[in-house]
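Below are some questions about how the descriptive terms applied to this predicted model are justified. Each answer sets a computed value against the criterion behind the word.

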Amino acid sequence: MQIILQRLLELQNVDVQLNETRARLATIPKKLADADARAASAKAELDQSKAAQLAAFKDRKKYELDVEQWKERVRKYRDQTSQIKTNEAYKALQHEVQLAEDEIAKAEDRLLEQMVAGEDYDRRIKAAEKSLKEVEDVVRVQRSKIETEKAAAEKVFAELTAERARVVAEIPENLLDHYDRIARKHNSVALAEVRDEKCSACGMRVRPHVFQEMRRLGSDEMFHCETCTRILYYIEPSFRPSASAEAHSDAQPNES
Ligand SMILES: [Zn+2]
């Protein structure tokens, strides 16, 4: 294979890895945000439980006050009893006392309900605190794993970028532009191997005279796939790393 094609192939190899690394790095912010969202949701559950408990506490204070106020009213009514002259007025006052006592009973019922519910709030808060602690522990481990993954990907990215600069330095600028234009169209894959006289990227058959010329030793012409426009290269089956014994015969198509 021509030395320049080898360089371009090296470049393509680096670019494909760069793309993968870039894609890996791009997933990091969302992974971190997801982990943080988990912790935030556990924290919100605890905050809600505490807010519910506080609201219940305020309700309780109000019901306690209600009970006190109705009791006070009953005491006043009873004080007035001595001054009552008529049977009618007495009955009316008794009726008021009865109403007030009903209100006391209702407020006391509500108070009791709140006290029972208060124990539920306590339990809910304890559970939410426990859950928050667990989630925070998990998230801490998660975040640390993600940060490690990020650092590793950034290191690889820096190495590949340096590698690319090294490879690019050996490629003429016009050829590099040409490569970049094709690579952009094909997700960093600007070169395609010819296998079984076909473009391995799109499957298009390579014209026989082109294939002959590609195989000619010392040829410096560059060929492109007529369909996908990728730069074609050809490795004699006997030079392929995966070539099997029978592939040494030129007559055998390489099926490995
Ligand atoms: Zn093609």
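Q: What makes E1 and E2 paired strands, and how do they run?
A: Strand E1, residues 191–195, is joined to E2 by two bridges, and since pairing requires at least two bridges between two strands, E1 and E2 count as paired; they run antiparallel. Within this pair, Val-194 has Cys-199 in E2 as its bridge partner.

Q: Why are E2 and E3 said to stand at the edges of the sheet?
A: The sheet is an open one of three strands in the order E2-E1-E3, with mixed pairing. E2 and E3 each have a single partner strand, so one side of each is left without a neighbour in the sheet, and that is why they are placed at the edges.

Q: What stands out in the backbone of the loop between E1 and E2?
A: Asp-196 lies in this loop and has a phi near 50 degrees, a positive value in a residue other than glycine. Glu-197, also in the loop between E1 and E2, has a positive phi of about 60 degrees although it is not a glycine.

Q: How do you know which accessibility class fits Asp-196 and Glu-197?
A: Partly exposed covers the range between the 20% limit for buried and the 50% limit for exposed; Asp-196 at 39% relative accessibility therefore counts as partly exposed, and Glu-197 at 31% therefore counts as partly exposed.

Q: Why is the arrangement around the zinc ion called tetrahedral?
A: The protein donors are the SG atoms of Cys-199, Cys-202, Cys-225 and Cys-228, lying 2.3 Å from the zinc ion. Four donors count as tetrahedral if all angles lie between 85 and 135 degrees, and because the four donor atoms here subtend angles of 98 to 119 degrees, the arrangement meets that criterion.

Q: What makes Cys-202 and Cys-228 a pair that ties together separate parts of the chain?
A: The donor residues are spaced C-x2-C-x22-C-x2-C in sequence. Cys-202 lies in the loop between strand E2 (198–199) and helix H4 (208–215), and Cys-228 in the loop between H4 and strand E3 (231–233), so the pair ties together parts that are 26 residues apart in sequence.

Q: Why is Asp-15 counted as buried or exposed, and what does it touch?
A: Asp-15, which is found in helix H1 (residues 3–81), has 7% relative accessibility and therefore counts as buried, the limit being under 20%. Leaving aside residues up to four places away in sequence, Asp-15 touches Arg-164, Tyr-179 and Ser-188.

Methods:
Residues numbered from 1 in each chain as written. Predicted model: local features only at pLDDT ≥ 70, side-chain atom pairs only at ≥ 80, totals over all residues. Heavy atoms only, no water. Donors = N, O, S within 2.8 Å, 3.2 Å for Na, K, Ca; no water. Tetrahedral: all angles 85-135°; square planar, octahedral: opposite > 155°, others 65-115°. Helix = DSSP H or I, 4+ residues; strand = E, 2+ residues; numbered from the N terminus. Buried < 20%, exposed > 50% of the residue type's maximum accessible area, 1.4 Å probe, protein only. Contact = heavy atoms within 4.5 Å.
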